[in-house]
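I opened the model and kept notes on what I looked up, entry by entry.

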Amino acid sequence: MIIIDYALCFALYILYFFPRWKSDRLIQRTMLYICIIVILGVTLMPIITSLPFMLDHPYTGMNLVPFVDIIYERGDFMRQVKLNVLLFIPFGFLYPLTTRRNTLSNTILHAFILSLIIELSQPLLSQGRVSDVTDLITNTTGALIGYLIYWPIYWTMHVIKNE
């Protein structure tokens with residue numbers, strides 16, 4: 001049923017975002033929008049079909065101990081860390097392309113907020129999911145890496161443009 005969620009995201013883009021972005025950084029903002037939809041698809045979707053679950057089940061919990069899974073060797077910890085980092089690298093690269101305030105702190109702040117919203121929503125949308133501070137740390141680290149990839153490219157383009 002994830003198709004319904006993607007269809008709603010596409011409709012939102014066509015009806016709301018596209019008309020507003022037509023003249024200003026359309027390609028960059030569209031790429032960031034797709035990046036965010038992919039992040040939501042991996043972490044939260046399906047949302048629409050989860051609504052009945054949200055009404056029937058209480059919040060299931062939080063892990064506030066960073067990297068506790070490695071201490072207790074739970075699951076495939078390193079795979080999860082790598083995937084969380086990789087998932088947010090495109091966000092860290094694309095976000096500064098869409099705003100005039102393309103600073104590291106602004107990018108990290110927005111990545112942190114997006115990750116926090118996701119982590120707090122996961123237990124509400126699916127059974128057995130827990131908010132995890134480790135995911136928050138690794139997602140934000142991925143955005144940092146993306147920004148570190150963005151910065152030399154931006155700086156080089158800026159220097160070439162001004163010469």
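**Entry 1: overall layout**

I read the elements along the sequence and wrote down the pattern α-α-α-β-α-α-α-β-α for the protein chain. That comes to seven helices and two strands. The model is a predicted one, and I kept that in mind for every entry below.

I then took the totals for the protein chain. It has 163 residues, and buried residues make up 38% of them. The exposed area is about 10100 Å², with 71% of it supplied by carbon and sulfur atoms. I also looked at contacts between residues at least 6 apart in sequence: 76% of these join residues at least 24 apart.

**Entry 2: the nonpolar core**

Which residues have the most contacts inside the largest nonpolar core? I noted Tyr33, Ile39, Phe88, Phe91, Leu114 and Ile118, in a core of 21 residues. Helices α1 (2-21), α2, α5 (77-94) and α6 each supply at least two residues of this core. The largest share comes from α2, with six residues. As background, nonpolar side chains tend to be buried together in soluble globular proteins.

I picked Phe88 and listed its contacts, leaving out residues up to four places away in sequence. Phe88 touches Ile39, Ala111, Leu114, Ser115, Ile118, Asn139, Gly142 and Ala143. Among these partners, Ile39, Leu114 and Ile118 are also in the list of core residues with the most contacts.

**Entry 3: Thr43**

I went next to Thr43, which is in helix α2. Buried or exposed? Thr43 counts as buried because its relative accessibility is 10%, and the cut-off for buried is under 20%. Beyond its neighbours up to four places away in sequence, Thr43 touches Leu87, Ile118, Gln122 and Arg129. Ile118 is thus a contact of Thr43 and also of Phe88.

**Entry 4: Gln28 and Thr98**

I looked up Gln28, also placed in helix α2, which I have as residues 26-43. Gln28 has a relative accessible area of 28%, so I logged it as partly exposed. Apart from residues up to four places away in sequence, it touches Leu97 and Thr98. I also checked one distance here: Gln28 and Pro96 are 68 residues apart in sequence, with 9.4 Å between their C-alpha atoms.

I followed the contact to Thr98, which sits in the loop between α5 and α6. Thr98 counts as buried because its relative accessibility is 9%. Leaving aside neighbours within four places in sequence, Thr98 is in contact with Arg25, Gln28, Arg29 and Leu32.

**Entry 5: the nonpolar surface patch**

I turned to the surface. What makes up the nonpolar patch of about 710 Å²? I listed Met62, Leu64, Leu109, Phe112, Ile113, Leu116, Ile117 and Leu120. Helix α6 (residues 104-125) gives the most to this patch, with six residues. The same helix is among those supplying at least two residues of the core.

I took Leu116 as an example from the patch; its place is in helix α6. Why does Leu116 count as partly exposed? Its relative accessible area is 31%, and partly exposed lies between the buried limit of 20% and the exposed limit of 50%. Patch residues need over 30%, and Leu116 has 31%.

**Entry 6: Thr141**

I found Thr141 in helix α7 (residues 133-162). Its relative accessibility is 32%, so Thr141 counts as partly exposed. I computed the C-alpha distance from Thr141 to Gly92 as 9.1 Å, for a separation of 49 residues in sequence.

**Entry 7: cysteines**

How many disulfides are there? The count comes to zero, with sulfur atoms within 2.5 Å as the rule for a pair. I looked up two cysteines anyway. Cys9 is buried, with a relative accessible area of 13%, and Cys35 is also buried, at 9% relative accessibility.

**Entry 8: a backbone angle**

Last, I checked Phe67. Its phi is near 60°, which is a positive value in a residue other than glycine. Phe67 lies in the loop between β1 (62-63) and α4 (68-72). With a relative accessible area of 32%, Phe67 is partly exposed.

Definitions and conventions:
Residues are numbered from 1 along each chain as its sequence is written. This is a predicted model: local features need pLDDT of at least 70, side-chain atom pairs count only at pLDDT 80 or more; totals for chains, interfaces and linings use all residues. Side-chain values use heavy atoms; hydrogens and water are left out. Patches are made of residues with over 30% relative accessible area and no salt bridge: like charges are joined within 9 Å, nonpolar side chains (Val, Leu, Ile, Met, Phe, Trp, Tyr) within 5 Å. Accessible areas come from the Shrake-Rupley method with a 1.4 Å probe; for residues, only the protein chains shown count as cover. A salt bridge is a side-chain nitrogen of Lys or Arg within 4 Å of a carboxyl oxygen of Asp or Glu. Helices (H or I, at least four residues) and strands (E, at least two) are DSSP runs, numbered from the N terminus. Buried means under 20% relative accessible area, exposed over 50%, partly exposed in between (1.4 Å probe, protein chains only). Contact means heavy atoms within 4.5 Å. A nonpolar core is a set of buried Ala, Val, Leu, Ile, Met, Phe, Trp, Tyr and Cys residues joined through side-chain atoms within 4.5 Å.
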